[in-house]
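Student: Please take a close look at one part of this model for me. I would like the ligand site, and then how that fits into the chain.

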Amino acid sequence: MSDFAVVHCRQLLTLAGPPGPRTGPALRDLAMIPDGALRIRDGLIAAVGPRADILRAVSEDTVIVDAGNRIVLPGFIDAHTHPVFSGTRAAEFERRIEGATYEEIAASGGGIRSTVRLTAESTPAALFQASRRYSEWFHRGGTTTIEAKSGYGLSLEAELHILKTIRLLAAERRLRMIPTFLGAHEVPDEYRGRTADYADLVIHEMLPRVVEESLAEYCDIFCEPTVFPVDLARPVLRAAQALGLALRIHADQFTPDYASLLAAELGAATADHLECTTPAAFAALRAARVQPVLLPGSVYALSRTRYPDARGMIAAGLPLVLATDFNPGSSPTASMPMILSLAATQMRMTPAEAITAATVNAACSLNRDRSIGSLEPGKEADFVIHDCDDYRELPYFFARESAREVYLHGVRVYPPAD
Ligand code: NIG
Ligand code: FE
């Protein structure tokens, strides 16, 4: 089916608009077409418009997909995920519910390092299958693209293996995947107390191989005083930039205005988390054109109460992005609709602002705004039919996966054909 039309879209959210990330009032403009339709040719969008206009231009043998008077929008772009790991941390979750904190569990050898151990113990096939299973979870929420980080290897070979697993998954063409090298996710067991030595390993052994084998577009780091402090993070990130990688940084999850200022200093593409960021750092992010990636799922799942100050950031003119942070520790969800709900109820983002942050703005943060993020002629036909009457139902009916059909490059990937 390389040429078809999609009709009876009760609300077709095109997100069409000028290029570049959206800020301020533009975050609320979904460029919606009531009773809209799409024309798809060779995986790309050929035309978008009211049903009558699109139908007038199709030939008699054009295949018609009936959206059934449901809503249609671009696939969500989840710009921060950690999807390749083995095992779960359900036991640790129980300990946290009983009172232990995320930082205490990490300090006692649990947390990220426990997933690193489980990942090291699993076979390549098991690791691939575990990650493949999550692809369908992303589809169910209406996601078509994810940024995928390594970070549960923490040795040269293990990090390369995770990035190659991401490459294999991407080759299946069920989800678009944009790879990020996160070798500096945590200090591994064998380097405890020798963080600087581990940072050297990342700089001198891991980064050159990752780049040589074209395994990543971005480099990330978990920059906190107790994990990788700024003085060690800076040389890692500079080395990555020198090799041609762009930067995304885990910033200010626990410490106010700490790594966000480093993200601004280095001109990172994104600063992610920002739960503790104050208005003082907003101006620096804006001046350096760093996009905030907000991850309310991690606040929720860690039973914390301090959500990022989304309204303050919007007032400061920042082009917000929303993402799941899907990972087995701090945010075990692949559901963008759940993130939209948290964005609305906990951060007071309107449904339209949240949808823009999860589509167009996310595409900009991944340097993909020319090809995905909105439904406009010439762009990829990555779209989702959601079983809703109104786009505001996406965050309103929470904890419900509403995606009914998911298309990637004009091919239906969910429900799967097999
Ligand atoms: O974004 N903070 C560091 N990284 C992840 C958590 C990963 C984990 O706990 O396994 C995050 O929250
Ligand atoms: Fe993360």
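Tutor: What follows goes through the ligand site and then the domains. Keep in mind that this is a predicted model. Start with the neighbours. There are 15 residues around ligand 1. Those that come nearest are Arg-89, Tyr-102, Tyr-152, Asp-325 and Ser-330. By class, the shell around ligand 1 holds nine polar, four nonpolar and two charged residues.

Now the polar contacts. Three side chains each place an N or O atom within 3.5 Å of a ligand oxygen. For Tyr-102, the distance from a side-chain N or O atom to an oxygen of ligand 1 is 2.5 Å. For Arg-89, a polar side-chain atom lies 2.7 Å from a ligand 1 oxygen. For Asp-325, the distance between a side-chain N or O atom and an oxygen of ligand 1 is 2.8 Å. How much of the accessible area of ligand 1 does the protein cover? On its own, ligand 1 has 330 Å² of accessible area, and the protein covers 100% of that. The space that ligand 1 takes is the largest cavity.

Step back to the chain. The domain assignment gives domain 1 as 3-75 + 373-414 and domain 2 as 76-365. Their C-alpha centres are 29 Å apart. Domain 1 puts 35 residues into the contact, and domain 2 puts in 38 residues.

How values were computed: Residues numbered from 1 in each chain as written. Chains lettered and ligands numbered in written order. Predicted model: local features only at pLDDT ≥ 70, side-chain atom pairs only at ≥ 80, totals over all residues. Heavy atoms only, no water. Near = heavy atom within 4 Å. Polar contact = N/O pair within 3.5 Å; in protein donor to acceptor, adjacent residues only side chain to side chain. Areas by Shrake-Rupley, 256 points an atom, 1.4 Å probe, with all protein chains shown as cover. 1 Å grid on protein atoms, 1.4 Å probe; cavity = no way out; pocket = protein on both sides within 12 Å on 5 of 7 lines; lining within 4 Å. Sits in = over half its atoms within 2 Å of the grid points. Nonpolar A, V, L, I, M, F, W, Y, C, P; charged D, E, K, R; others polar. Domains from an automatic or database assignment. Contact = heavy atoms within 4.5 Å.
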